[in-house]
Amino acid sequence: AKGPNVQQSMNVGSYQPNAWGFFDMHGNVWEWVNDFYEKYPTGSLTNPTGSALGSLWAYRGGGWFHGGDCTRSAKRHHHDADGRYADVGFRVSLQQTRVPQSKVPTPGNPWTVPTASIEMIWCKPGAFTMGSPKNEMGHGFDVHGKKIDETQHRVAFTKGFHLGKYEVTQAQWKKVMGSNPSRFKSDKRPIEFVGWKEAKNFCQKLTILERKAGRLPDGWQYTLPTEAQWEYACRAGTTTATAFGDSL
């Protein structure tokens, strides 16, 4: 969150992780997710992938430029795919897309991507309540004060997935992409000033590199987490405004 001594991004892992071991899911930089930004569907969902249609892409988690309200687990924001900001980055997810394979990475175990030394945590199958109650401070409004959908609904995951322990750093981005567009340059800081398309390109290139190296089984790919996957990992089993309580 923005404060008197925090006017830029910080090294990833500078603050405490949540109960599942994920760092910086509240603050530092906003994080692109895979979904179009649209209203949530009604009723309970299983393995949601987000809307198939839309013009804006969602990002989550809050960043150094905005206040504590934006760090809520349910907070949503959006932009077009070419939007680039010094407080918007991403973290990468590894997901099984087709049939199970008896090769590494192994479901249920942590995994470090050799190409860029990206540490990943396994999120086991489970269920949680996505969104926020109407009495939660900041409920239903985006960073500009416009109405936004945070309607609570039940989400179930029948398959687990890996998610980056940290946001993708500038050093990791350079290993894959060869350049560094960030405004606040430091190898250990999160990559920022990258749009959704660029984040997806990183994931696609990482997938190709790992497949060529023989470390990624068929049916697996690196991509952005869905909104539901992001919030599931962010909450880490909690129901409060953030993974650390209701205080903002």
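The side chain of glutamine 172 reaches the backbone nitrogen of threonine 169 at a distance of 2.9 Å in this predicted model. Glutamine 172 belongs to helix H1, which spans residues 170–177, and with a relative accessibility of 13% the residue counts as buried, because the cut-off for that class is under 20%. Setting aside residues up to four places away in sequence, glutamine 172 touches Ala116, Ser117, Ile118, Glu167 and Phe202.

**The antiparallel sheet and valine 113**

One of those contacts of glutamine 172, Ile118, is also a partner of valine 113, since isoleucine 118 in E8 is the residue to which valine 113 is bridged. Valine 113 itself is found in strand E7, residues 111–113, and E7 pairs with strand E8 (residues 118–123) in the antiparallel sense over three bridges. These two strands are part of an open sheet of five strands, ordered E7-E8-E11-E6-E12 and antiparallel in its pairing. The edges of the sheet are E7 and strand E12 (220–223), each of which pairs on one side only. From one strand to the next the twist averages 30 degrees.

Helix H2 (residues 196–212) packs on this sheet and touches E7, E8 and E12, its direction making about 150 degrees with that of E12. Is valine 113, in its edge strand, buried or exposed? Valine 113 is buried, with a relative accessible area of 0%. Beyond its neighbours within four places in sequence, valine 113 is in contact with Ile118, Met120, Leu206, Glu210 and Tyr222. Between valine 113 and histidine 144, by contrast, there are 31 residues in sequence and 37 Å in space, taken from C-alpha to C-alpha.

**The mixed sheet and its helices**

A further open sheet has four strands in the order E4-E3-E1-E5, and here the pairing is mixed. Its edge strands are strand E4 (76–79) and strand E5 (88–90), each pairing on one side only, and neighbouring strands are turned against each other by 50 degrees on average when direction is ignored. Strand E3 (residues 57–60) and E4 pair in the antiparallel sense over four bridges, and alanine 58 has histidine 78 as its bridge partner in E4.

Helix H2, which packs on the five-stranded sheet, also lies across strand E1 (30–36), E3 and E5, where it runs at about 85 degrees to E1. Helix H3 packs on the four-stranded sheet as well, touching E1, E3 and E4, with a direction that makes about 140 degrees with that of E1. How many of the nine residues of H3 (residues 227–235) are buried? Nine of the nine are buried, and among them are the charged residues Glu227, Glu231 and Arg235 as well as Trp230 and Tyr232. Just after H3, alanine 236 takes a positive phi of about 50 degrees.

**Salt bridges**

The count of salt bridges comes to 14. Three of the residues in H3 belong to a network of salt bridges that links Arg60, Arg76, Glu227, Glu231 and Arg235. Three individual pairs are set out below.

| Pair | Closest N to O distance |
|---|---|
| Aspartate 69 – arginine 72 | 3.1 Å |
| Arginine 72 – glutamate 136 | 2.6 Å |
| Arginine 84 – glutamate 198 | 3.0 Å |

Arginine 72 appears in two of these pairs, with aspartate 69 and with glutamate 136. Arginine 72 is buried at a relative accessible area of 0%, and glutamate 136 is buried too, whereas aspartate 69 counts as partly exposed at 26% relative accessibility. What does the pair of arginine 72 and glutamate 136 tie together? Arginine 72 lies in the loop between E3 and E4, and glutamate 136 in the loop between strand E9 (126–130) and strand E10 (153–157), so the pair ties together parts that are 64 residues apart in sequence.

The pair formed by arginine 84 and glutamate 198, with its closest N and O atoms 3.0 Å apart, involves helix H2: arginine 84 lies in the loop between E4 and E5 and glutamate 198 in H2, so that parts 114 residues apart in sequence are tied together. Both partners are partly exposed, arginine 84 with a relative accessibility of 36% and glutamate 198 with a relative accessible area of 23%.

Terms used: Residues numbered from 1 in each chain as written. Predicted model: local features only at pLDDT ≥ 70, side-chain atom pairs only at ≥ 80, totals over all residues. Heavy atoms only, no water. Buried < 20%, exposed > 50% of the residue type's maximum accessible area, 1.4 Å probe, protein only. Contact = heavy atoms within 4.5 Å. Pairing = 2+ DSSP bridges. Axes fitted to C-alpha atoms, helices over the stretch in contact; angles between N-to-C directions. Polar contact = N/O pair within 3.5 Å; in protein donor to acceptor, adjacent residues only side chain to side chain. Salt bridge = Lys/Arg side-chain N within 4 Å of Asp/Glu carboxyl O.
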